[in-house]
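Here's a friendly walk through a protein model for anyone meeting it for the first time. Have a look at the picture, then read on.

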Amino acid sequence: MIDLVIFGATGDLAARKLFPALYELEAARYLPSEVRILGVGRKPWSNEEFIQHLRQSLQEFQEPLDGEVAERLLGRAAYHSMEYTPEGFRSLAEASADSSLFYLSLPPDAFPTIGVGLGQAGLSEQTRGFRRLIVEKPFGEDLQSALSLQKTLTQYWDESQILRIDHFLGKEAVQNILVFRFANSWLEPLWNARYIAQVQITAAESIGIEGRGAFYDKVGALRDMMQNHMMQLLTLSALEPPPRFEADLLSNEKVKALRSARPLSPEDIVRGQYQGYREEAGNPQSHTETFAALRLYLDNWRWKGVPFYLRTGKALSRKNTTIALQFRDPPTQLFADSSIDPGSGWVELELQPKEAMHLEVQVKTPGLQFASRPVTLTTPTGNGNRLELSAYATLMLDALKGERSLFIRFDEVEYAWRLLEPVLHTPCPTETYSVGSEGPGGQHYLMEPHHRWRPL
Ligand code: BG6
């Protein structure tokens, strides 16, 4: 038997994301038959109560829901009620299988207690099976706390057993960045400072904080999105090709990219907060940013001098996650009268809401004149059918298999924190922006002359 032990099984993330992901795996018959789902929590629930909770969560968050698949999944579920004390962990050691995957679907301040508690109860030992620990983000709240969390966990867990999750890496469209870059030999030679003028990476959301005020107000956009999801998009866009597609080789290249970043200064960041956030978060004095834009440079051979602009925010005009690169202008303007717009010449990978690639090229304007106009070639990159797995389903399956390339190695976390450290603690004003807008006006001042943010 293999146990998927979910700490925080009675919580929000489990209900919204993990259970539907398990349902998907069950529906696709990807979940090995020996897998049991062992919910763990402090609530003194019985197995039946947990199963009922699981059923209700699926009814609320899984669409479409096939009753037969749901019942198959429920048939694997059990619950273990425990306090997070040495006795509690000992009781878990007795109740759980020799091969277990522990998922910490809990607030970050619980990670050390659980990691150590499991270790002390012998639950990180792999003498009779595998033991792995899935840790949710954010891993630490800054460099120091991340280093200290790592030190605590590695007293009992080997790096190869710790799976730091960043659900963006489970998205098909994010994995496509590497395929797009390294499986197209016409593109790779152009993907560098010689041909690229600027890179814009955007993760805009239209939703606000959705009742997560207590968590979000301590975290803000820099820790919630920038340090993890955005840094992953940055490294995947910028890294050198690894010699082989292997987890460690890929992580090496990501870390090299992060380490080549020029140190940030306060002029490289703009923070915003949407109107009404303070009331929603229940903190009238809050300076927490719900929007952050960064300008950074990677001082390496490939990217020297190319600005990477990153922005993420909530309550914006629409959900839009994209990586866009602008090609440099041609060396001479052959078509003097042409209407080549300085804002054109983009290649864009749209990750959300649609999965697509857009390539802007100039074609001749029909007519007697030799003028050009931009047209956009678009191709969907998803296959549009339901065989694709959601990010969490993909990652849970990989975790069960022990496949680590879509998880984050500690030095990736560490260097992402190192990069942000100079702007993380310095008090910095937040500019208010309207709900449903493109974000604070100040974001445009980050940019070099002739550069401007693409519309959301
Ligand atoms: C989560 C953040 O990691 O990612 C949320 O905590 C954010 O604040 C979410 O809304 C965005 O993920 P997705 O997959 O909806 O783009």
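## Start at F7

Let's begin with one residue and see who its neighbours are. Leaving out residues up to four places away in sequence, F7 touches V40, M82, Y84, F89, L92, F102, Y103, L104, S105, L106, I114 and L118. Keep in mind that this is a predicted model.

## The big nonpolar core

F7 also belongs to something bigger: the largest nonpolar core, which has 140 residues. Among its members, F7, L92, L118, M231, W303 and F308 are the ones that touch the most other members. Helix α8 (residues 213-238) supplies the largest share of this core, with 11 residues. The core isn't confined to one domain, either: at least three of its residues come from each of domain 1 (2-165) and domain 2 (172-390 + 410-444).

## Two domains

So what are those domains? The domain assignment splits the protein into domain 1, covering 2-165, and domain 2, made up of 172-390 + 410-444. Between their C-alpha centres there are 32 Å. Where the two meet, domain 1 puts 18 residues into the contact and domain 2 puts in 17 residues.

## Helices α7 and α8

Now for a pair of helices. How do the axes of α7 and α8 cross? The axis of α7 (residues 172-182) comes within 9 Å of the axis of α8, and the two cross at roughly 10°. An angle under 35 degrees counts as roughly parallel, so α7 is roughly parallel to α8. The crossing of α7 past α8 is right-handed. On the α7 side, the contact is made by V174, I177, L178 and R181, while α8 brings L233, L236, S237 and A238.

Several of those α7 residues turn up again when you ask what is hidden from the outside. The buried residues of α7 are A173, V174, N176, I177, L178, F180 and R181. What covers them? The cover over the buried residues of α7 includes α8, along with α9 (247-259), β11 (320-327), β12 (346-352) and β13 (356-364).

## A serine in a loop

Last stop: S286, which sits in the loop between α10 (277-281) and β9 (291-297). Is S286 buried or exposed? Its relative accessible area is 1%. Buried means under 20%, so S286 is buried. Setting aside neighbours within four places in sequence, S286 is in contact with D217, Q273, Y277 and R278.

Technical notes: Residues numbered from 1 in each chain as written. Predicted model: local features only at pLDDT ≥ 70, side-chain atom pairs only at ≥ 80, totals over all residues. Heavy atoms only, no water. Core = buried A, V, L, I, M, F, W, Y, C linked by side-chain atoms within 4.5 Å. Buried < 20%, exposed > 50% of the residue type's maximum accessible area, 1.4 Å probe, protein only. Helix = DSSP H or I, 4+ residues; strand = E, 2+ residues; numbered from the N terminus. Domains from an automatic or database assignment. Contact = heavy atoms within 4.5 Å. Axes fitted to C-alpha atoms, helices over the stretch in contact; angles between N-to-C directions. Parallel < 35°, antiparallel > 145°, perpendicular 65-115°, else oblique. Left-handed = near helix turned anticlockwise from the far one by under 90°.
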